[in-house]
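Here's a set of short exercises to work through with the structure open in your viewer. Try each task before you read its solution.

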Amino acid sequence: MPQAKIRSTLAREDDGTIQINLNIPKEVVAEKENGAILKLVKDLEIPGFRKGTAPKNIASKHIKPSDLTRTLLQELIPDAYAQALKEHRLKPYIAPKFEVVSVEKGGDWQIRAITCGKPDI
């Protein structure tokens, strides 16, 4: 089975704004999810267990979905953005602003990065 690939599309505005739409396939999200859960389990305090020592199957029930999503985004966005910059040969002048378009469980995740390129002088 071919490995899922993060896809990106590029849109340039007349004012120099660059919009990069990142499509992260559900397979890539699922692949990173286990690592994110293990990362979150280390900080959980569950009655009857020392901090971070609860079994994954018990601890994962205590993880808030919003915390899992945030952790996954922190892991996925830098790689996806760097890949898009390389693919489109971009050298932005400012740090991007990221917008979450869609992060539905079991579906592809859509993220939008907005930055700007070198101004024409």
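**Exercise 1: the sheet**

Four strands make up an open sheet, ordered 1-2-4-3, with antiparallel pairing. Keep in mind that this is a predicted model.

Task: Work out which strands are the edge strands.

Solution. Step one: look for strands that pair on one side only; these are strand 1 and strand 3. Step two: check the twist, which averages 20° from one strand to the next. Step three: go through the pairings of strand 4. With strand 2 it runs antiparallel, joined by 8 bridges. Strand 3 also pairs with strand 4 in the antiparallel sense, over 5 bridges.

Step four: pick out some facing residues. Asn21 sits opposite Arg112 of strand 4, Ser102 is opposite Gln110, and Lys97 is opposite Ile114. Finally, find the hairpin: strand 3 and strand 4 form one with 6 residues between them, and Gly106 in the turn has a positive phi of about 85°.

**Exercise 2: two faces of one strand**

Task: Sort the side chains of strand 4 by face, and say which ones are buried.

Solution. Start at Trp109 and take alternate residues: Trp109, Ile111, Ala113 and Thr115 point to one face and are buried. The remaining side chains, Gln110, Arg112, Ile114 and Cys116, point to the other face and are not buried.

Now zoom in on Thr115, which lies in strand 4. Its relative accessible area is 3%, and the cut-off for buried is under 20%, so Thr115 counts as buried. Who covers it? Leaving out residues up to four places away in sequence, Thr115 touches Gly16, Thr17, Ile18, Tyr81, Pro92, Ile94, Ala95 and Pro96. As a check on distance, take Leu38: it is 77 residues from Thr115 in sequence and 33 Å from it in space, C-alpha to C-alpha.

**Exercise 3: helix lengths and bends**

Task: Test whether the end-to-end distances of helix 1 and helix 3 agree with 1.5 Å a residue.

Solution. Helix 1 has 16 residues and should span 22 Å; its end C-alpha atoms are 22 Å apart, so the two agree. Helix 3, with 24 residues, should span 34 Å, and its end C-alpha atoms lie 33 Å apart, which agrees as well.

Next, look for bends. Helix 1 has a kink of about 30° centred on Glu33. In helix 3 there's a bend of about 30° at Leu76, and the proline Pro78 follows within four residues.

Last, see what sits on the buried side of each helix. The buried residues of helix 1 are Val28, Val29, Ala36, Ile37, Leu40 and Val41, and their cover includes strand 2, helix 2, helix 3 and strand 4. The buried set of helix 3 includes Leu68, Leu72, Leu76, Ala80 and Tyr81; strand 1, strand 2, helix 1, strand 3 and strand 4 are among the elements that cover it.

**Exercise 4: the core**

Task: Find the residues with the most contacts inside the largest nonpolar core, and say which element supplies its largest share.

Solution. The core has 29 residues, and those with the most contacts inside it are Ile20, Ile24, Ile63, Leu68, Leu72, Leu76 and Trp109. Strand 2, helix 1, helix 3 and strand 4 each supply at least two of its residues. Helix 3 gives the largest share, with 9 residues.

Then take Ile24 and list its contacts. Not counting residues up to four places away in sequence, Ile24 touches Ile6, Val29, Leu76, Ala80, Asp108, Trp109 and Ile111.

**Exercise 5: an odd phi**

Task: Where does Arg89 lie, and is Arg89 buried or exposed?

Solution. Arg89 is in the loop between helix 3 and strand 3, just after helix 3. Its phi is near 55°, a positive value in a residue other than glycine. Most residues other than glycine have a negative phi. For the last step, compare the relative accessibility of Arg89, 77%, with the exposed cut-off of over 50%: Arg89 therefore counts as exposed.

Notes. Residues are numbered from 1 along each chain as its sequence is written. This is a predicted model: local features need pLDDT of at least 70, side-chain atom pairs count only at pLDDT 80 or more; totals for chains, interfaces and linings use all residues. Side-chain values use heavy atoms; hydrogens and water are left out. A nonpolar core is a set of buried Ala, Val, Leu, Ile, Met, Phe, Trp, Tyr and Cys residues joined through side-chain atoms within 4.5 Å. Buried means under 20% relative accessible area, exposed over 50%, partly exposed in between (1.4 Å probe, protein chains only). Contact means heavy atoms within 4.5 Å. The expected span of a helix is 1.5 Å times one less than its number of residues. The bend at a residue is the angle between axes fitted to the seven residues ending there and the seven starting there. Two strands pair if DSSP finds at least two bridges between them. Axes are lines fitted to C-alpha atoms, for helices over the stretch in contact, and angles run from 0 to 180 degrees between N-to-C directions.
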